[in-house]
Amino acid sequence: MTQKRRILLTGAGGFLGSALYGVLGSDADFSVFGTRSPRSAASSGLLCLDISDTSAVDQIFSELKPDIVLNAAGRAHFRAGDSVADLFSANADGVRVLAEAAKAHGVKHFVHLSSTLVYGEPCKGTIVEDSPTNSSKIGRAHV
């Protein structure tokens, strides 16, 4: 019998992450460890993790020893009181911290999932894979 592959799924409390958590959690080939943001409501079975906190991320990698990291954590929209720096922290700094920890802990598979926020806010029209990004619009009305 082969050992189950260990998946660390960040953002398991979000829209996409929760769907992945449900599907992967029912697959007998995987042990799935889901995380949620400290800012989100508590959710049964999910670990609380700020992905931009280097020491917290290192600790969770040391404890869980994941084979695969699926990063669905991130901020797709502004919330009341958010700044561009808040989004940058979640969507850039956090990904960097996760990627560095994955490399340091020998994780061979790292998958990053993004959102439509890279196209600017609000998005108009149909978005396809080769649509141009427009990060200059991010937060223009919110800064």
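How many residues apart in helix α3 are R96 and E100? They sit 4 residues apart, which means about one helical turn separates them. Keep in mind while reading on that this is a predicted model.

1. **The salt bridge.** R96 pairs with E100 in a salt bridge, and the closest N and O atoms are 3.3 Å apart. If you go looking for others, don't: the structure holds 1 salt bridge. Both partners belong to helix α3, which runs over residues 84-104. As for solvent, R96 is partly exposed with a relative accessible area of 40%, and E100 is also partly exposed, at 47%. Both get that label because the partly exposed class lies between the 20% and 50% cut-offs.

2. **How α2 meets α3.** Helix α2 covers residues 54-64 and packs on α3 at an angle of about 40 degrees. The two axes are 10 Å apart, and the crossing of α2 past α3 is right-handed. On the α2 side the contact is made by T54, V57 and F61; on the α3 side, look at V97, L98, A101 and A102. Sorted by class, that contact has 6 nonpolar residues and 1 polar one, with no charged residues.

3. **N71, tucked away.** This one is worth a click. N71 lies in strand β4, residues 68-71, and its relative accessibility is 0%, so it counts as buried. The side chain of N71 does have a polar partner: a polar contact of 2.9 Å joins it to the side chain of H112. Leaving out residues up to four places away in sequence, N71 touches T10, I51, V95, L98, F110, V111, H112 and L113. One of these, L98, also turns up on the α3 side of the helix contact in point 2.

4. **K65 and its phi.** Next, the backbone at K65. Phi there is near 50 degrees, a positive value in a residue other than glycine. Where does K65 sit? It is found in the loop between α2 and β4, that is, between the helix of point 2 and the strand that holds N71. Is K65 buried or exposed? With a relative accessibility of 57%, K65 counts as exposed, because the cut-off for that class is over 50%.

5. **If you only open the viewer once.** Three spots to pull up: the R96 and E100 pair in α3, the side-chain contact between N71 and H112, and the positive phi at K65.

Technical notes
Residues are numbered from 1 along each chain as its sequence is written. This is a predicted model: local features need pLDDT of at least 70, side-chain atom pairs count only at pLDDT 80 or more; totals for chains, interfaces and linings use all residues. Side-chain values use heavy atoms; hydrogens and water are left out. Helices (H or I, at least four residues) and strands (E, at least two) are DSSP runs, numbered from the N terminus. Buried means under 20% relative accessible area, exposed over 50%, partly exposed in between (1.4 Å probe, protein chains only). A polar contact is a pair of N or O atoms within 3.5 Å; within protein, one must be able to donate a hydrogen and the other to accept it, and residues adjacent in sequence count only if both atoms are side-chain atoms. Contact means heavy atoms within 4.5 Å. Axes are lines fitted to C-alpha atoms, for helices over the stretch in contact, and angles run from 0 to 180 degrees between N-to-C directions. A crossing is left-handed if the near helix is turned anticlockwise from the far one by less than a right angle, and right-handed if clockwise. Ala, Val, Leu, Ile, Met, Phe, Trp, Tyr, Cys and Pro count as nonpolar, Asp, Glu, Lys and Arg as charged, and the others, Gly among them, as polar. A salt bridge is a side-chain nitrogen of Lys or Arg within 4 Å of a carboxyl oxygen of Asp or Glu.
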